[in-house]
Amino acid sequence: MPLVTLRLGATPDRHLAARAAALLHQLTVTHLGKRPELIATAVDFIDPATWFVAGRSLADSGLRSYHLTITITDETNLKAEKSRFMAAVHAALGDLLGPLHEESYIHVHDVRAAAYGYGGRTQEWRAHHADPA
């Protein structure tokens, strides 16, 4: 059910996008316990010459950066799980991308079940209509 959106400060590369998506998919399953068949991932690229940190472009710094947003249903993960997820993502993306700018971000959106869903149904609806078996 999570929607993972990754923005990379790098030149567009479909192979890199596929590797990053696979990596994030696995980390979402491993650290957040999400069902693999319900994880959707989108990867966007931003030209390093147009990504600025403290007024200096990534192209000038020679570093890469990312902004990851993951939307999950509120109260489905503990703080410690989210913390471990963030640490694992940062380490894995550093291995994949090379030297990262310290200002690389992860935002876990904990969204109320009544305000989030897929396939035209909220997570709250799914919880109320779930098979108890």
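**Exercise 1. Place Tyr118 in the fold, decide whether it is buried, partly exposed or exposed, and list what it touches.**

Solution. Tyr118 belongs to strand E7, which covers residues 117-118 of this predicted model. The next step is its accessibility: the relative accessible area of Tyr118 is 32%, and since buried means under 20% and exposed means over 50%, this residue is classed as partly exposed. Leaving out residues up to four places away in sequence, Tyr118 touches Met1, Leu38, Gln123 and Arg126. As a check on distance, Leu27 is 91 residues from Tyr118 in sequence, and the two C-alpha atoms are 21 Å apart in space.

**Exercise 2. Describe the largest pocket by its volume, its lining and the elements that contribute to that lining.**

Solution. Begin with the volume, which is about 220 Å³ for the largest pocket. Its lining is made of 13 residues, and those nearest the centre are Met1, Lys34, Arg35, Leu38 and Gln123. Strand E5 and helix H4 (123-128) are the elements that give two or more residues to this lining. Sorted by class, the lining holds six nonpolar, four polar and three charged residues. The pocket can then be related to the preceding exercise, where Met1, Leu38 and Gln123 appeared among the residues that Tyr118 touches; these names are also among those nearest the pocket centre.

**Exercise 3. Work out which elements build the largest nonpolar core, and follow the contacts of Ile70 within the fold.**

Solution. The largest nonpolar core has 23 residues, and those with the most contacts inside it are Leu6, Leu8, Tyr66, Leu68, Ile70, Phe85 and Val89. The elements that give two or more residues to this core are strand E1 (3-9), helix H1 (14-32), strand E5 (66-73), helix H3 (79-97) and strand E6 (105-111). Among these, H3 gives the most, with six residues. As background, nonpolar side chains in soluble globular proteins tend to be buried together. Turning to Ile70, and again not counting residues up to four places away in sequence, its contacts are Pro2, Leu3, Val4, Thr28, Leu32, Phe85, His107, Val108 and His109.

**Exercise 4. Compare the surroundings of the threonines Thr28, Thr69 and Thr71, starting from the element in which each one lies.**

Solution. Thr28 is found in helix H1, while Thr69 lies in strand E5 and Thr71 is likewise placed in strand E5. For accessibility, Thr28 has a relative accessible area of 0% and is buried; Thr69, at 15%, also counts as buried, as does Thr71 at 14%. Each value can be judged against the cut-off, because buried means under 20% relative accessible area.

The contacts come next, with residues up to four places away in sequence left out. Thr28 touches Pro2, Val4, Gly33, Lys34, Ile39, Ile70 and Phe85, so that a residue of H1 meets Ile70, one of the core residues with the most contacts. Thr69 touches Leu3, Val4, Thr5, His107 and His109, whereas the contacts of Thr71 are Met1, Pro2, Leu3, His109, Val111 and Tyr116. His107 is not in the contact list of Thr71; the C-alpha atoms of Thr71 and His107 lie 8.4 Å apart, and the two residues are separated by 36 residues in sequence.

**Exercise 5. Find where Ala54 and Glu75 lie, and state what marks their phi angles.**

Solution. Ala54 is in the loop between strand E3 (52-53) and strand E4 (56-57), and Glu75 is in the loop between E5 and H3. Phi of Ala54 is near 55°, a positive value in a residue other than glycine, and phi of Glu75, near 70°, is also positive in a residue other than glycine. These angles deserve a remark, because most residues other than glycine have a negative phi. Ala54 is exposed at 85% relative accessibility, and Glu75 is exposed with a relative accessible area of 74%.

**Exercise 6. Summarise the whole chain: its elements, their order and its exposed area.**

Solution. The protein chain contains four helices and eight strands, which follow the pattern β-α-β-β-β-α-β-α-β-β-β-α along the sequence. Its C-alpha atoms fill a box of roughly 55 × 30 × 25 Å along the principal axes. Of the 133 residues, 36% count as buried. The chain exposes about 7,800 Å², of which carbon and sulfur atoms supply 53%. Finally, among contacts between residues at least 6 apart in sequence, 76% join residues at least 24 apart.

Methods:
Residues are numbered from 1 along each chain as its sequence is written. This is a predicted model: local features need pLDDT of at least 70, side-chain atom pairs count only at pLDDT 80 or more; totals for chains, interfaces and linings use all residues. Side-chain values use heavy atoms; hydrogens and water are left out. A nonpolar core is a set of buried Ala, Val, Leu, Ile, Met, Phe, Trp, Tyr and Cys residues joined through side-chain atoms within 4.5 Å. Buried means under 20% relative accessible area, exposed over 50%, partly exposed in between (1.4 Å probe, protein chains only). Contact means heavy atoms within 4.5 Å. On a 1 Å grid over the protein atoms alone, a cavity is a set of points where a 1.4 Å probe fits but cannot get out, and a pocket is an open set with protein on both sides within 12 Å along at least five of seven lines; lining residues have an atom within 4 Å of a point. Grid points are joined across faces, edges and corners, and a volume is the space filled by probe spheres set on the points. Ala, Val, Leu, Ile, Met, Phe, Trp, Tyr, Cys and Pro count as nonpolar, Asp, Glu, Lys and Arg as charged, and the others, Gly among them, as polar. Accessible areas come from the Shrake-Rupley method with a 1.4 Å probe; for residues, only the protein chains shown count as cover.
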